Amino acid sequence: MADLLINHEVIVNLIANTTTMRGLEIRAERDEAGYPTGLSVSDEGFHAVNLVPARFHGMDCNYLIKPRSDHRKSSR
C-alpha cells in the first residue's frame with residue numbers, strides 16, 4: 001500500500017528517495033524560509049519564460065522550462 005501524502009516530511013522523503021533506471025538520484029529537503037505572498041507576474045514577464053508542456057500531464061500541470069533559442073551566453 002502506498003504512503004499517503006499526509007505531511008511535508010512524507011512528501012520530501014518520497015521525492016528524496018526517487019531514482020530512475022538510468023541512475024538519476026534526487027536530493028530534497030524542506031525549505032522552511034518565509035517568502036512573500038500575493039506577488040504578481042506581468043503578462044510580459046510570464047510570456048518571457050519558455051514553458052513547454054511535458055509529455056506526462058503536460059497540458060494539466062507539468063511543464064519544462066527551457067532556454068530560448070535566442071539565449072546568449074554572457075561574455076567574460
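This passage describes the fold, the surface and two tyrosines of a predicted protein model.

The secondary structure comprises two helices and two strands, and their order along the sequence is α-α-β-β. Helix 1 covers residues 8–16 and helix 2 covers residues 43–47, with a loop between them. Strand 2 runs over residues 63–65. As for contacts between residues at least 6 apart in sequence, 0% of them join residues at least 24 apart.

Burial and surface area come next. The protein has 76 residues, of which 4% count as buried. The exposed area is about 8000 Å², and 54% of this area is supplied by carbon and sulfur atoms. On the surface, a nonpolar patch of about 580 Å² is made by Val 41, Phe 46, Val 49, Leu 51, Tyr 63 and Ile 65.

Tyr 63, one of the residues of this patch, is located in strand 2. Its relative accessible area is 39%; Tyr 63 is therefore partly exposed, because this value lies between the 20% and 50% cut-offs.

Tyr 35 offers a second case to look at. This residue sits in the loop that links helix 1 and helix 2. Tyr 35 has a relative accessibility of 55% and so counts as exposed, given that the cut-off for exposed residues is over 50%. The side chain of Tyr 35 also takes part in a polar contact of 2.5 Å with the side chain of Asp 31.

Definitions and conventions: Residues are numbered from 1 along each chain as its sequence is written. This is a predicted model: local features need pLDDT of at least 70, side-chain atom pairs count only at pLDDT 80 or more; totals for chains, interfaces and linings use all residues. Side-chain values use heavy atoms; hydrogens and water are left out. Helices (H or I, at least four residues) and strands (E, at least two) are DSSP runs, numbered from the N terminus. Buried means under 20% relative accessible area, exposed over 50%, partly exposed in between (1.4 Å probe, protein chains only). A polar contact is a pair of N or O atoms within 3.5 Å; within protein, one must be able to donate a hydrogen and the other to accept it, and residues adjacent in sequence count only if both atoms are side-chain atoms. Patches are made of residues with over 30% relative accessible area and no salt bridge: like charges are joined within 9 Å, nonpolar side chains (Val, Leu, Ile, Met, Phe, Trp, Tyr) within 5 Å. Accessible areas come from the Shrake-Rupley method with a 1.4 Å probe; for residues, only the protein chains shown count as cover. A salt bridge is a side-chain nitrogen of Lys or Arg within 4 Å of a carboxyl oxygen of Asp or Glu. Contact means heavy atoms within 4.5 Å.
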